[in-house]
Amino acid sequence: MGAIPDTPAGDDTRDDGGRTARRAARRPLGGLGALTALTVLAGGLLAALPTALPPGAPGGATAHAAPADVPGGLILVLDASGSMAEDDGTGTTRMDDAREALGTAVDALPEGYPTGLRLYGSDSSDCTDTRLAQPVEPVDPEAIRDALGAVGPTGNTPTSLALERAVEDLPEVPHGAIARRTVLLISDGESNCEGEPPCEVAERLAGDGVDLRIDTVGFRIGEEGRAELECIAEAGHGTYYDAPDGEALGRELERAARLSADGYRFEGEEVDGGAGGADTGSAPTLGPGGYLDRIGPGETRWYAVDLDDVSTADLAVTAVPHPGVAVHRRDGLRLTLSESPESPGPPDNLRRCVREDVRFGDDEGAMILTGVVSRVPSPGGNSTCDAAGRYLLSVERESEEGSDGAHWPIELRVTVEEPLPDDVRPAASATSYGAAGPDAPLPTDEPVDIEGGTGFNDAVELAPGVHRDRLLPAQTRFYRVPVGWGQQLRYRVEFGNEPTLEGNPGSSWVRTAAYAPHRAPIGRGDFRVERPYRGEESAVDMGTVPVTWTNRYESSTAVAPVRSPGHHYIAVSLGPGATEIARNAAIGVVLRVDVVGEELTGPGHDAVPVADGENRDGDDNGDDGDRGNAGDGTDAGGDRDAGNTAADGSGWGAPLMAALGGAGAVLLIAGIAFAVTRLRAPRPAPVPPAAAPGAPGGPYGGTGGPRGTDDNGNDTRGDR
């Protein structure tokens, strides 16, 4: 994986396309922009609920090409022993069902994704009978079909040996890279060869699970065989799928194969977080950019940042467990930002600035988790953690007994904003949803088919309009929408009627989350972001307040993160439990997306709507340049502040605005500044700001900042 280049303070890494797309929300388009808009809006007004595919049909989404530099791959391991020659109960053999199902699965894989096929028990009754029928290379569906066509089930079931050889078939992971390598084992029975039991082999091969998982599929399998495959999957940090018939086999193979191919696309430079313990001096110092590390159950990783006395520090952490593996509702991450003592010492000596807990919130299975801690200097510059110096970020993984023990890859992102120019007096904070509230109308155009990204780095950009995608159980899709100064993101995610499995009254969930450009989860406010899923029509909604620089001083988690223009992210998730509900491999979703309001020229109180070609005032304070799980960072009790205050921008008003004028503006900036090497003018005495409504003692209400949990341990829930 290539490292993300460091971004000096204040560098504006947005491309012009992002700016143009923001204007497109409310302004006429010409040339290529008009052609794009016509493509999105073609067909006029049409109700666009997702359309279910016929049972057993492929997922329906266009298979994108897999990035050439993504390490990892998939090896299909098929039991071709004598039992696979038996009738499946419909007049065809189990092997015929397997050929058809595997063909469907490889057709659904992204073009170029490394995929191979290994057989065992196909040539003789010898317990050494396993061979590589198709090497792991860019997927070739026809070659895999040809290899399957030549198989005649004959032999025994040497499962342990097949697993050993399959891991050897997968490509090596380059040093410093985080890969997703998957062994997908398909069998109709238990191993009948002597030697090390398959479950023990799986545990040894998978190790800490960072770059290897072993999934299993039981096809028309008995109790003993199912128990063995379930044990292999659990030991291999994977998932067991049950397939009682050929249709189910095709469905589960497609799900497992696509989850392997659609793994999170990481970007960043490898770092080794300090272990802490009795000495925090081992923490690596991070500059602006992206970083990759890994963390095991119960471990804590330490990182350092050097801050000046006027900068806001945003440190985002995204954890990516294997999708759907066993977790407890209280499992997750605890992020803490602290002031470091003048000399390295034990963590007990640190003074905490802000803390945030991000948890799964249910027991269905693991999903992507994201949280952010921010150091926002107070207007007066005399609060806890305002001083220049070295700060420490600790990332602690909390894991209950019985949860999957694989190490999680984590992606850290450090972002930077420069202070406002001295002559810019920022507008008052905007704490109301106004015209973009829950009842706001949304686009009704004909939907355009898309395929969302795997994470922040490859999130698919959406223009205002209607978009249609498909979602697997235990999967999160990511999208990004350019939003400018003064504008609001508003969207709805709709799920249509889907065929369900007979006799299953189960329930899962659907969920969405929105993230600011610096990846801070945006609190749900007045919106409903999660609903039960049973295969019936349902919808979740989300929106933001206007992007306003001074929002950073509000206490509401629905307001404070919405402080910079740029790409705002949308995450849409389907619970792992949907595997027991949906009859199709993937379910259809429709996203209705709007950007409300005209983009303003900058953060100033006197900013005007952007005119074509007009320069923006202070427009270098937003997008972090990312191409863009999930937890939305909302307190477990729910944040309901946004939308309940006046629509006239009340909150941080006239007293603070006066303090922000002239030289006082240098006191309030957003981002991270490292190693101060220039002289700074002494601070002017600021005008004390008025306390924000509902926040005793100032904007933070004594909690250390607008993005942290309080000392009572209020936590956030992953992907909520």
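The exercises below work through the disulfides of this predicted model.

**Exercise 1.** Determine how many disulfides a search of the whole structure finds, and how the bonded cysteines pair in sequence order.

*Solution.* The search of the whole structure returns three disulfides. When the bonded cysteines of the protein are numbered in sequence order, the pairing reads 1-2, 3-4, 5-6.

**Exercise 2.** Describe the link of C127 and C193, and explain which parts of the chain the pair ties together.

*Solution.* Begin with the sulfur atoms, which lie 2.0 Å apart in this disulfide; the angle about the S-S bond is -85 degrees, and the link is left-handed. Next, place the two residues: C127 belongs to the loop between strand 2 (114–120) and strand 3 (130–138), while C193 belongs to the loop between strand 4 (180–187) and helix 6 (198–206), so the pair ties together parts that are 66 residues apart in sequence.

**Exercise 3.** Decide whether C199 and C231, which are joined by a disulfide, are buried or partly exposed.

*Solution.* The S to S distance is 1.8 Å, and C199 in helix 6 is thereby linked to C231 in helix 7 (residues 223–235), 32 residues apart. Buried means under 20% relative accessible area; C199, at 18%, therefore counts as buried, whereas C231, with 30%, is partly exposed.

**Exercise 4.** Locate C353 and C385, and state their accessibility.

*Solution.* Their sulfur atoms are 1.9 Å apart. C353 sits in strand 12 (residues 351–359) and C385 in the loop between strand 13 (369–375) and strand 14 (389–398). C353 is buried at 7% relative accessible area, and C385 is buried at 3%.

How values were computed
Residues are numbered from 1 along each chain as its sequence is written. This is a predicted model: local features need pLDDT of at least 70, side-chain atom pairs count only at pLDDT 80 or more; totals for chains, interfaces and linings use all residues. Side-chain values use heavy atoms; hydrogens and water are left out. A disulfide is a pair of cysteine sulfur atoms within 2.5 Å. Helices (H or I, at least four residues) and strands (E, at least two) are DSSP runs, numbered from the N terminus. Buried means under 20% relative accessible area, exposed over 50%, partly exposed in between (1.4 Å probe, protein chains only).
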